[in-house]
Amino acid sequence: MFEQNRETLDQALSAISERGYWSAYPESPSPRVYGEGAAERGKEAFEGYLGRPFPTDQPSSGDPVGAERSPYGIELGVTYPRPDVAALIAAAKAALPAWRDAGPEARALACVEIVNRINKRSFELANAVQHTSGQAFVMAFQAGGPHAQDRALEAIAYGYAAMTASGTAARWEKPAKGDPLVMEKKFTVVPRGIGLVIGCNTFPTWNSYPGLFASLVTGNPVIVKPHPRAILPLAISVQIAREVLAEAGFDPGLVQLAVEEGVGLATDLAVHPGVRIVDFTGSTTYGDWLEANARQALVHTEKAGLNTVVLDSTDAYKGMLGNLAFSLSLYSGQMCTAPQNILIPAAGIDTDEGHKSFDEVAAGIAAAVGKLLGDDARAVELTGALANPDVLARVDNAPALGEVVLESRALKHPTFPEATVRTPVIVRVDPARSDVYTSEHFGPISFVIPVESTEAALNLLGETVSAHGALTAAVYSTSPDVLDRAEKAALEAGVNLSCNLTGGIFVNQSAAFSDFHGSGANPAATASLTDPGYVAGRFHIVQSRRPA
C-alpha cells in the first residue's frame with residue numbers, strides 16, 4: 001500500500017514547489033480515463049444508498065438522523081448513526097498514539113492511499129455531490145471529485161514537507177576544555193490534537209478535504225461534521241478513510257462522521273476542550289463566532305467576501321463579456337469565488353470595438369449572460385440548481401436593491417422537473433449605496449456600479465476588500481500602469497488577482513498545486529488552501545536529549 005504511493009507523494013512535493021500545472025487525478029469523466037461502465041457503476045452505487053441506513057461501523061447513540069433532499073427534487077432518505085460527543089472524543093483520543101508514533105512518512109503514504117481510493121469512486125461521489133449541493137453533474141464530478149482530490153493531495157504534501165523540514169535526530173557536540181560536550185537529541189512531530197471539519201452545503205468535498213487531510217497527515221484524528229443538507233459525499237469519504245486505515249493496521253477511529261439534522265452539534269464539538277483544530281467553511285456570522293469562542297483550538301475559517309471586478313479597458317470586448325457571463329452563471333453564482341461587485345467608470349471604457357458607455361457595458365454583460373443561458377436544456381448543465389431556499393429568497397429580493405439590468409428567470413430542467421433553477425440577476429447600484437454592495441449576496445446576484453474613474457474603482461476595491469474580505473478580484477485593462485496599480489491594490493488588500501481573463505480560465509476557478517485559494521490576508525478567510533501556514537499549526541516538534 002505504501003510503496004505504490006511513494007511516487008505520487010514525490011510528484012506532489014515537486015508540484016507544490018514548482019507551482020506549475022500538475023494533476024494526479026484526471027478531470028475528464030470519459031470512459032477512456034476511468035474505464036468502461038464506471039459511470040453506470042457509480043450511479044448504481046449512489047442509488048443503492050437511497051432510502052436506507054448508510055453502511056457504517058460507527059455506533060449510534062439513538063435513533064438514526066438524516067433529512068437530505070436533493071435540490072433537484074429527490075428525497076434521498078439516507079440515515080446515519082446519531083453521534084455522541086463524548087464517544088467521538090474518546091474514540092479519537094484512543095486512536096491518536098499509534099498514529100502519532102507511525103511517523104510522517106507512514107501517515108503521508110496512508111493518506112495518499114485514502115485519496116486514491118476516493119478517486120476510484122469519483123462517479124459515485126459525483127452523484128452524491130450533485131444531489132446534495134445542486135451542482136450540475138459534470139461540475140460535481142470535477143469539483144467534487146478530481147479537483148477536490150488534488151486539493152487533498154496538496155494538503156498532504158504541504159503537511160509532509162512541513163513535518164520533515166528539520167531532522168529527526170542529531171548528535172550534538174560542543175567543544176569544551178577537555179572532552180567535548182556530547183548529546184544525542186531526538187525530535188518528534190507531535191500532533192496538536194483532535195481536528196473538527198465543519199462541512200458546507202455547496203462544496204462538501206472540495207472545501208472539506210484540505211482540512212481533513214492536513215490534520216490527518218500531521219497526526220491528528222479528525223471528526224467530520226457535514227452540513228445537514230450535504231452529508232452523503234462526506235459519509236462516503238469517511239467510510240473510505242476508515243477502511244484504508246483499518247487495512248493499514250490503524251484504528252479507524254482516526255476519522256469519524258458526526259451527523260445532525262438541525263443545529264448545535266458543530267458548536268458543541270467546536271468548544272469541546274478535546275478539540276484542538278477547527279476547519280470551517282460557511283457564513284461570516286458563524287465563522288466569526290468560532291474564531292471568538294473556540295479559544296482552545298486553532299481555527300481556520302473561510303467565510304463570505306465581496307469578490308470584485310474592475311473594468312478599465314479591453315482589447316477583447318466580446319471575450320471579456322463572455323468570460324464574465326460564464327463566471328456569473330457557473331453553478332448559479334453559488335461559489336465563494338464568484339464575482340459580485342463589477343466596478344465600471346461612469347464615463348465608460350475603451351474597447352477594441354470603440355468606446356462603450358457604462359450603460360452599453362452593463363447591457364453587454366446582460367446580453368452575454370442571456371445568450372449563454374438562452375437554451376434551458378443546455379443552461380441547466382451550467383447553472384445547476386439552487387442549493388437552499390435562502391438563495392432563492394435573495395434572488396427574488398434583488399430587484400429591490402437597485403435598477404434591474406438583467407432579470408432572473410426560472411429554467412425548466414428536462415430531467416428533474418422539480419429542480420429550482422434561476423438565471424443570474426444583475427442590478428445597477430449607485431456607488432452611494434454601500435449598504436448594498438458591502439454585504440455578500442450569495443447566489444446568482446451581481447451589481448454593476450458606476451464609479452467616478454478607474455482610480456476610484458481601485459480605491460473602492462481596496463477599501464471594501466480590506467474591510468469585508470474577498471477571495472477573488474479581477475481587472476480588465478490594456479494599460480500596464482493600471483494593471484500594476486491593480487496588483488498593488490490587491491496586494492495591500494490581501495486578495496488574489498486575475499487580469500484580463502477572456503478565454504477558458506475564469507476568476508472563480510483555481511487550480512490545485514498552482515493557485516492558492518484565499519490568502520488569509522483579509523477578513524474572508526484566516527488561511528489559504530493550501531500554503532505552509534495552513535498546516536504548520538497542526539503539529540508541534542518535541543525534543544528529548546541525553547548525554548551520548
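Helices and strands are taken here as DSSP runs, numbered from the N terminus, and the structure described is a predicted model. In these terms, Q340 is placed in the loop that connects α13 (317–329) with β9 (341–345).

Despite this loop position, with a relative accessible area of 4%, Q340 is buried, because burial is assigned under 20%. A polar atom of the Q340 side chain lies 2.8 Å from the backbone nitrogen of H441. When residues up to four places away in sequence are not counted, Q340 touches L306, N307, Y437, S439, E440, H441, I445, S446 and F447.

The strand β9 that follows this loop belongs to an open sheet of seven strands, arranged in the order β12-β13-β14-β9-β8-β15-β16 and with mixed pairing. The edges of the sheet are formed by β12 (403–406) and β16 (497–499), each of which has a single partner strand, so that one side of each is left without a neighbour in the sheet. On average, and with direction ignored, neighbouring strands of this sheet are turned by 25° against each other. Strands of a sheet pair through backbone hydrogen bonds, in either a parallel or an antiparallel manner. The parallel case is illustrated by β13 (residues 425–428) and β14 (residues 445–451), which are joined by four bridges; V427 has F447 in β14 as its bridge partner, and F447 is also one of the residues touched by Q340. At the β16 edge, helix α19 (residues 480–493) lies across β15 (473–476) and β16, and runs at about 165° to β16.

The largest nonpolar core comprises 117 residues, of which Y80, I156, Y209, F213, L311 and I365 touch the most other members. For I365, contacts beyond the neighbours within four places in sequence are made with L311, L321, L324, L328, I342, I426 and V448. A second core, separate from this one, has 25 residues and includes V425, I449, A457 and L460.

Helix α18 (residues 454–468) contains V465, which is buried, with a relative accessible area of 0%. Leaving aside neighbours within four places in sequence, V465 is in contact with L306, T308, A470, A493, V495, N522 and P523; of these, L306 is also touched by Q340. By contrast, N293 is 172 residues from V465 in sequence, and the two C-alpha atoms are 24 Å apart in space.

Note on methods:
Residues are numbered from 1 along each chain as its sequence is written. This is a predicted model: local features need pLDDT of at least 70, side-chain atom pairs count only at pLDDT 80 or more; totals for chains, interfaces and linings use all residues. Side-chain values use heavy atoms; hydrogens and water are left out. Helices (H or I, at least four residues) and strands (E, at least two) are DSSP runs, numbered from the N terminus. Buried means under 20% relative accessible area, exposed over 50%, partly exposed in between (1.4 Å probe, protein chains only). A polar contact is a pair of N or O atoms within 3.5 Å; within protein, one must be able to donate a hydrogen and the other to accept it, and residues adjacent in sequence count only if both atoms are side-chain atoms. Contact means heavy atoms within 4.5 Å. Two strands pair if DSSP finds at least two bridges between them. Axes are lines fitted to C-alpha atoms, for helices over the stretch in contact, and angles run from 0 to 180 degrees between N-to-C directions. A nonpolar core is a set of buried Ala, Val, Leu, Ile, Met, Phe, Trp, Tyr and Cys residues joined through side-chain atoms within 4.5 Å.
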